[in-house]
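Visitor: I'd like to look at some aromatic rings today. Could you show me the model and talk me through the labels?
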Amino acid sequence: MGGKNKKHYQNIGSIYNDLWSFSEDYMRFMTANIIKYLRLKSTDTLVDLGCGTGMYSQSIVKQIPLDNPIICVDPSEEMLSQLPSSYQYKTRAVDAINFLSEPEIYNKVFMKEVIHHINEQELLFSSLFKRLPPNGIFLLILLPPTIDYPLFSEALERYKKGQPHYNNLSNLLEKVGFNVSVNFVEYLHAIPKDQYFKMVENRYMSLLSFFDDQQLAEGLAEMSQKYAQQSILEFPDRFVFITASK
Ligand SMILES: C[S@@+](CC[C@H](N)C(=O)[O-])C[C@H]1O[C@@H](n2cnc3c(N)ncnc32)[C@H](O)[C@@H]1O
């Protein structure tokens, strides 16, 4: 992860969960889909690769009892430190590729909204293929090439430039040996405008760390004008779920 992103997650670690806490329904929905696409069973050993604050791991153990702790991996100590210490989680403060060279045993891995931070994607995927046992599953979750978030126009443009295309990733996963299927999962957010503006102000997406304070203030002013009539912002959040099975 580059220095700028590292700093971003250092800054945002302690408030990340608060920024998302408005929507338990969204968390439940996303988690239910993660469980479904991973075909997660109580006896599985799961890795949350690039877990951040471990929000989804915490939500998974509320929905399904797991016999083994979830291995939560993230290079950012600040993000990881938000996970409660519990026998349900085992944390590793390393980056994904280093983690995959360690002799851990697991059969299910998911990685949500992290792949845009990884340069060596082929190495990541081939290492995963080697480490997973037969019938192991890697679930890669990312946003599509364009998003309909109520952000300012420069942010949406910047997003398009930086986001990897799911087709390239699914081809790469096939190339290293996985059986791959691609699905789209959509959630309709309805977020109070003040809450969403607060999230943007706090640069809830790493994308927003490309803008300095002045640019962000201008962006927020643009959003204020555009959404002057709304108190609730409704927008679809689409996720690409790439299921790679060994
Ligand atoms: C947008 S957050 C997503 C966190 C979590 N998966 C979620 O959906 O809430 C991206 C996370 O990727 C982590 N990250 C960045 N580079 C990474 C790498 N090379 N290996 C593993 N994680 C990485 C960051 O520290 C950050 O916590």
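Guide: Sure, let's start with a charge: the charged end of Lys246 sits over the ring of Phe129, 4.7 Å from its centre.

Visitor: What makes a charge sit "over" a ring?

Guide: NZ of Lys or CZ of Arg has to be within 6 Å of the ring centre and within 35 degrees of the ring normal. Arg158 gets that label too, with its charged end 3.8 Å from the centre of the Phe210 ring. Keep in mind that this is a predicted model, where local features need pLDDT of at least 70, side-chain atom pairs count only at pLDDT 80 or more, and totals for chains, interfaces and linings use all residues. Side-chain values use heavy atoms, leaving out hydrogens and water, and residues are numbered from 1 along each chain as its sequence is written.

Visitor: How many aromatic pairs does the structure hold?

Guide: There are 12.

Visitor: Why is the pair of Phe29 and Tyr187 called tilted?

Guide: Rings of Phe, Tyr and Trp (its six-membered ring) pair if their centres lie within 6.5 Å; planes under 30 degrees apart are stacked, over 60 edge-to-face, and the rest tilted. Here the centres are 5.1 Å apart and the planes at 50 degrees, so the pair is tilted.

Visitor: Are Phe29 and Tyr187 buried or exposed, and how do you know?

Guide: Buried means under 20% relative accessible area, exposed over 50%, and partly exposed in between (1.4 Å probe, protein chains only). Tyr187 has 11%, so Tyr187 is buried, while Phe29 has 27%, so Phe29 counts as partly exposed. Both belong to a cluster linked by ring pairs, together with Tyr26 and Phe239.
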